[in-house]
Amino acid sequence: LKVGKHVPVPKFQALTIRTEGAVLFASIDNPPINLMGPALVSDLVSLIQFLNSTEEYRVVVFSSANPDFFIAHFDIVKAPEYRVAAARLTGEASAATLLRHLSEVKAVTIAQISGRVRGLGSEFVLACDMRFASRERAVFGQIEAGFGLVPGAGAVQYLAHLMGRGRTFEALLGANDYDGDLAERYGWVNRALPDDELEPFVFELANRIASFPREGLLAIKERINAITLASDADFRCDYELFGKLVRQAEPARRIRVMLERGMQQLSDTELNFGQALREFDK
Amino acid sequence: LKVGKHVPVPKFQALTIRTEGAVLFASIDNPPINLMGPALVSDLVSLIQFLNSTEEYRVVVFSSANPDFFIAHFDIVKAPEYRVAAARLTGEASAATLLRHLSEVKAVTIAQISGRVRGLGSEFVLACDMRFASRERAVFGQIEAGFGLVPGAGAVQYLAHLMGRGRTFEALLGANDYDGDLAERYGWVNRALPDDELEPFVFELANRIASFPREGLLAIKERINAITLASDADFRCDYELFGKLVRQAEPARRIRVMLERGMQQLSDTELNFGQALREFDK
Amino acid sequence: LKVGKHVPVPKFQALTIRTEGAVLFASIDNPPINLMGPALVSDLVSLIQFLNSTEEYRVVVFSSANPDFFIAHFDIVKAPEYRVAAARLTGEASAATLLRHLSEVKAVTIAQISGRVRGLGSEFVLACDMRFASRERAVFGQIEAGFGLVPGAGAVQYLAHLMGRGRTFEALLGANDYDGDLAERYGWVNRALPDDELEPFVFELANRIASFPREGLLAIKERINAITLASDADFRCDYELFGKLVRQAEPARRIRVMLERGMQQLSDTELNFGQALREFDK
C-alpha cells in the first residue's frame with residue numbers, strides 16, 4: 001500500500017474543505033437542504049479516494065454549512081445520476097457499498113451533526129466512525145417505513161449493532177424524528193452536546209486523535225471494523241431489498257404525493273418529516 | 001404465502017381483544033396474577049397463527065388487565081399442560097420455540113408494561129419487537145438463578161444482545177427486581193414513561209406504524225430478525241439446560257419452599273420476589 | 001471435573017484476601033500505583049487456578065487498597081517477567097489469554113472500582129463478569145493509541161460488544177480519561193454509584209449471588225460466555241498486533257519519553273494520563 005506524501009486536495013462541488021495540521025474539515029454545502037445527490041456522492045467518492053492516497057490527514061470532520069439540515073436524505077429525483085457517481089469508486093452503483101467504503105477509509109471520520117439528518121443522510125453519519133450531535137439542533141430519522149421502503153444503505157446493520165433490537169424496531173418502523181438527547185440515549189450518536197459546545201468539543205477531539213501515531217490509529221480502526229462492520233453481503237442485501245420495494249406501486253405513489261407536498265424543497269414537509277409521514281392519509 | 005383478507009378473530013381465554021383499524025390490542029387477563037399457564041400459552045399459539053393468516057392487523061399491543069402483574073412468570077404447577085399447549089404451534093413442547101415464533105410473527109408487536117413481569121413473563125416481552133414500561137409500576141426480574149435454574153426461553157439471548165455482558169450477568173445472576181427507569185438505562189426496555197403517559201404514547205406509536213404500508217414493515221422486521229434474532233439451536237440449548245436443572249434436587253426443593261411461601265398466589269412473595277429470594281435461607 | 005471440597009487459599013504477593021461465607025474479597029495492593037507486573041500477574045494465575053479447584057467460593061470481589069489507583073496499567077519495564085508469570089496458566093505468555101481465562105473462571109467475578117484503571121487494568125475489569133464504579137473516584141482509560149499501540153488484551157473485543165462501534169472508536173482512538181458517570185452512560189461499567197455507596201452495594205450483591213445454588217450460577221455464566229465472549233483467536237490477534245507495534249520506533253520512543261516524565265511512578269503523568277498524552281508534543 002504505497003501512498004504519496006503529498007497529494008493535492010481535490011476540487012469539490014458540495015463540500016467546502018479546510019485543513020489544519022493532520023485534520024481535514026469538510027463542510028457539506030449543497031443548497032437548499034443538503035440533499036445527497038450526484039454532486040455530494042461524487043465528492044464523497046473523490047474524498048475517499050483522496051484519503052486512501054495520502055498519509056497527510058489522520059482525521060476528517062464532517063459538518064454542515066446549513067443550520068437546518070446536515071443531510072436531508074437522498075435525492076430521489078436524481079437517483080440514476082448519483083448511482084453513476086457512486087459506481088466510480090467500486091464499479092458498483094450502490095450507496096450501500098459507497099458508505100461501507102467510507103467506514104473503511106484510511107482516516108478517522110467524525111460527524112459533527114447540527115440540523116436534520118434523515119434516510120441516507122443518517123446512514124452517512126452511521127458510516128462515520130463517531131457521531132456527536134447538537135442537543136438543540138440535531139434531528140435524526142430513518143423515514144423509509146413511511147413510504148413502504150426499508151433503509152437501503154446500512155441503517156439496519158449499524159443501528160441494530162448500536163441500539164439493539166427493540167430500539168432499532170422502533171426507529172425503523174416508527175420512522176419518526178429523534179432529537180439529539182434521545183439519539184444519545186438510544187446510541188444513535190456518541191453524545192449530544194449543547195449547540196455552542198459541539199464544535200469546540202469535536203475540534204479538540206479531532207486534534208487530539210490527529211496528534212497520535214497514524215499506524216496505531218489505523219490498526220485500531222481495522223480491528224474494530226473486523227469485529228463490528230457488517231459484511232458486504234449484508235449491505236448488498238439491504239440495498240437490493242430497497243431497490244425491489246421502491247419500484248412497487250404504493251411506495252412510488254407515496255413518493256409522488258410527498259414530492260407534491262414539498263419533499264426535496266425547503267418546506268414544512270422537510271422541516272417536520274416525521275409529522276408529515278404521520279399525516280399522509282389524514 | 002397466501003393469506004386471507006378477512007379471518008375472524010379467534011376466541012381467547014386469557015386475552016381480551018379490542019381492534020381499531022389495523023391495530024389489535026390484547027390485554028392479558030388471567031387472575032389472580034397473570035401466570036403464563038396453559039390458558040395463556042394456548043391463546044398465544046392461537047394469536048400467532050391468526051396473525052400469520054391475515055393481513056388485517058399490522059400492529060399488536062400487549063397490555064395487562066391487572067395493575068400489579070403484567071405476567072408473573074410461568075405456571076410451574078401446570079408445566080406439563082402448558083407444554084402440550086405450546087406444542088400445538090410447532091410440534092415442539094417448548095416455551096422457547098413458542099417465543100421465538102412470536103418474534104417472527106407477521107405483525108409488529110409492542111409490549112406496554114405496567115406491573116410485574118418476571119421469568120418467562122420477561123422473556124415474553126423480550127420476544128416482542130418493542131417494550132415500553134411504566135416508570136412507577138413496571139418491575140422486571142429474571143428470577144431463575146434464585147432457584148438454581150437458568151432462564152430457558154430466550155432471556156439469555158435477548159438480554160445479552162440488548163444490554164451487553166456485564167449487565168446481563170448482573171440481571172441473570174442477581175435475579176433481583178428492576179424498576180422501569182433502571183430497565184431503560186440497561187436496555188431491557190426501549191423507554192420508561194410516566195404511568196399516565198404510557199398508554200397514550202403506545203397508542204399513538206401503534207397507530208403511526210399501522211398507517212405505513214404493510215410490506216415495508218414486514219421487510220424491515222425480517223431484516224432486523226435476520227441480524228439480531230438468535231438461532232433456533234441457541235433457544236433450544238437454553239431450554240434443554242433449564243429442563244435438565246429443574247429436575248435436580250436443590251431447584252426442586254426451592255420451588256417447593258417458595259410455593260409454601262405464597263409463590264403463584266397473590267402474596268408478598270409474588271409482590272416482592274427479588275426480596276423473597278434473598279431471604280430464602282434467612 | 002472433580003474439585004476438592006476444601007483447598008487452602010494460596011499465599012499472594014499483590015493481593016490481600018478476605019473470605020466471608022462463599023464470597024472471596026481480593027484487594028489489589030501493589031504499591032505505589034498498582035501496576036500489573038509479575039507479582040500481580042502471578043497472583044491472578046494462582047487465584048484462577050485456586051477458584052477452579054474448589055467449590056467453596058461462588059463470588060469474587062476485586063477492589064483496590066490504593067485510593068487513587070485500581071490498576072494503573074501494565075508494567076512496561078517488567079514485561080518479559082510478567083509474560084513468564086502468565087505462561088504458568090496455559091503455557092502461553094500472553095496477558096490476553098490470561099484475561100480470557102479470568103472471564104471463564106468457575107466463580108462469579110465483580111470489579112468494585114475506585115481510582116484509576118487504564119490500559120491492561122481496564123482490560124482486567126472488562127474481563128470480570130460485572131463492573132461497578134465510584135462516581136467520584138473511578139477513572140477509565142485505554143491509553144494505547146497515545147503511544148501508537150492497540151489494546152492487546154481484549155479491550156477491543158469487550159468494549160465493541162459493550163458500547164458499540166461509535167463509542168469504542170472514541171474511547172480507543174481518543175485514549176482519554178472517562179469518569180464513572182460517562183463510563184456508565186457508555187456501558188464501560190454496569191453502574192456508577194456515589195463513592196460511599198459503592199462498597200455496601202457490591203457487598204450486598206456479592207452475598208446475594210453467593211446465596212444462590214452454585215450449579216445454576218455456573219450454567220448461566222457458561223451460557224452468557226458462549227454467546228458473548230470473543231474467541232481465543234480474536235484475543236490472540238489483538239495481542240500479536242500489540243506485540244508487533246510495540247517493537248516499532250515511534251511507540252518505543254513515546255514509551256521512553258513518558259517514562260522520563262513520570263510514567264510508572266506516583267506522578268502527575270499517572271494521575272492525569274489523558275492530559276499527559278495530549279501534551280506529548282506540546
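How many residues of helix H4 (residues 120-127) of chain C are buried? I looked this up before anything else. The count is 8 of its 8 residues, so I noted the helix as mostly covered. Buried here means under 20% relative accessible area, exposed over 50%, partly exposed in between (1.4 Å probe, protein chains only). Helices (H or I, at least four residues) and strands (E, at least two) are DSSP runs, numbered from the N terminus. The buried residues of H4(C) include C:Ser122, C:Glu123 and C:Leu126.

**Ground rules**

I am working with a predicted model, where local features need pLDDT of at least 70, side-chain atom pairs count only at pLDDT 80 or more, and totals for chains, interfaces and linings use all residues. Residues are numbered from 1 along each chain as its sequence is written, chains are lettered from A and ligands numbered from 1 in the order in which they are written, and side-chain values use heavy atoms, with hydrogens and water left out.

**C:Gln142**

I went to C:Gln142 next and found it in the loop between strand S8 (139-141) and helix H5 (155-174) of chain C. Is C:Gln142 buried or exposed? It is buried, at a relative accessible area of 0%. I then listed its contacts (heavy atoms within 4.5 Å). Leaving aside neighbours within four places in sequence, C:Gln142 touches, among others, C:Ser122, C:Glu123 and C:Leu126. Those three are among the buried residues of H4(C). C:Trp188 is also one of the contacts of C:Gln142.

I checked polar contacts too: a pair of N or O atoms within 3.5 Å, where within protein one must be able to donate a hydrogen and the other to accept it, and residues adjacent in sequence count only if both atoms are side-chain atoms. The side chain of C:Gln142 makes one of 2.5 Å with that of C:Ser122. Another, of 3.2 Å, links the side chains of C:Gln142 and C:Glu144.

**The loop between S2 and H1**

Where does B:Pro32 sit? I placed it in the loop between strand S2 (23-28) and helix H1 (38-51) of chain B. The peptide bond from B:Pro31 to B:Pro32 is cis, with omega near 5°. In chain C, the bond from C:Pro31 to C:Pro32 is cis as well, with omega near 5°.

A:Asn34 lies in the loop between S2 and H1 of chain A. Its phi is near 50°, a positive value in a residue other than glycine. A:Asn34 is buried, with a relative accessible area of 1%. For C:Asn34 I also read a phi near 50°, and this residue counts as buried at 1% relative accessibility.

**How the chains are related**

I superposed copies by least squares on the C-alpha atoms of residues with pLDDT of at least 70 in both. Chain A goes onto chain C with an RMSD of 0.0 Å after a turn of 120° and a shift of 0.0 Å along the axis. That is the relation of a three-fold axis. Chain A also superposes on chain B by a rotation of 120° with 0.0 Å of shift, RMSD 0.0 Å.

**Chain A against chain B**

The contact takes 38 residues from chain A and 34 residues from chain B. Buried area is the accessible area (1.4 Å probe) that two parts lose on being put together, summed over both. For this pair I get about 3,000 Å², with 58% from carbon and sulfur atoms. On the chain A side, A:Arg165, A:Leu173 and A:Arg278 lose the most area to chain B, together 28% of what that side buries.

I counted 4 salt bridges across this interface, each a side-chain nitrogen of Lys or Arg within 4 Å of a carboxyl oxygen of Asp or Glu. B:Glu184 and A:Arg185 form a salt bridge through their side chains (2.8 Å, N to O). There are also 19 residue pairs in polar contact, both at pLDDT 80 or more. Which helix gives the most to the side of chain A that touches chain B? H5(A) does, with 13 residues.

**Chain A against chain C**

Here the contact takes 34 residues from chain A and 38 residues from chain C. The pair buries about 3,000 Å², 58% of it on carbon and sulfur atoms. A:Arg208, A:Ile220 and A:Arg223 lose the most area to chain C in chain A, together 24% of what that side buries.

I found 4 salt bridges between chain A and chain C. A:Glu184 forms a salt bridge with C:Arg185, with the closest N and O atoms 2.8 Å apart. On the side of chain A that touches chain C, H8(A) gives the most, with 11 residues.
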